[in-house]
Structure formats: structure tokens, C-alpha cells
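Trainee: Could you take me through one part of this model in detail? I would like to see how its residues are placed.

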Amino acid sequence: MHSGSRVNVTTYARRVGIIFPVAVTRSVWFDMLEPDEAAKDACETQMGRLAKLLLKLKSEMLQANGDRLEFTFTVTIEGRSKEFPLYVTLLPGDDFEPVITVQMQNED
């Protein structure tokens, strides 16, 4: 599932209707989508967070205008809501196909 600095989530993205390949950076995967113990106690799961992120991504893509897509995504960290500022790029993948990548705004 991991390839370099990105995690391929295309299979899950297609389930919510996103037809292009989708990846998230390892920072998004581990820092935002992986629930901590407090979130796990509240029955949050990594796949549940991923599904919510992909639905939010699809919604944001449908409303997008311009060449840069930015949005925030909120998850529970240490029992409190935390907003993560994200942005989306569309870059060529390993086989030069367009790949949507979701990353933290502080990542290059």
C-alpha cells in the first residue's frame, strides 16, 4: 500500500466516485488518518477517517475553481477536534498518468 512518500488510496477513492488515481502523503496517512488511542476509544478507525476524507475531497473537487485546491479536514486528536489544512495537486504518476495527491499545506 505504501510507495515512497505516498500511499495509494485509489481503490477507496473509486468507491466514492473519484475516477482518477488518488494518493495521500505519508504525513496525511500517519499524522491525520491514523487514530490515536483516544480516537480509537471513540470507535474511530483509519478506514473510517479515509472514507470521510475522500468524500470531502470529492465534494471540494466538485466545487473547485482555479488551479489550486485547498481545504481543511477535522479529526479527533487526543480527545479534541483538530483541523488540518490540506491541499491537492494533480501530477504525473509512475506511469505518467494523472494522480491526485492530498498533502498537508506545509509539505512540498
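Mentor: Happy to; here is a close look at helix H4 and two of its residues. This is a predicted model, where local features need pLDDT of at least 70, side-chain atom pairs count only at pLDDT 80 or more, and totals for chains, interfaces and linings use all residues. Residues are numbered from 1 along each chain as its sequence is written, and side-chain values use heavy atoms, with hydrogens and water left out.

Helices here are DSSP runs of H or I with at least four residues, numbered from the N terminus. H4 has 18 residues and reaches 26 Å from its first C-alpha to its last, close to the expected 26 Å, a span defined as 1.5 Å times one less than the number of residues. Gln46, Arg49, Leu50, Leu53, Leu54, Leu57 and Glu60 are buried in H4. They cover an arc of only 135 degrees around the axis, so they lie on the same side of H4; the arc is taken from the directions from the helix axis to the C-beta atoms. The face turned away from that buried side carries the exposed residues Lys52, Leu62 and Gln63. Buried means under 20% relative accessible area, exposed over 50% and partly exposed in between (1.4 Å probe, protein chains only).

Now to glutamine 46, which counts as buried because its relative accessibility is 17%. Leaving aside neighbours within four places in sequence, glutamine 46 is in contact with Trp29, Leu33, Glu34 and Pro35, where contact means heavy atoms within 4.5 Å.

Lysine 56, also in helix H4, counts as partly exposed at 30% relative accessibility. With the same neighbours within four places left aside, lysine 56 is in contact with Phe71, Thr72 and Phe73.

Definitions and conventions: Helices (H or I, at least four residues) and strands (E, at least two) are DSSP runs, numbered from the N terminus.
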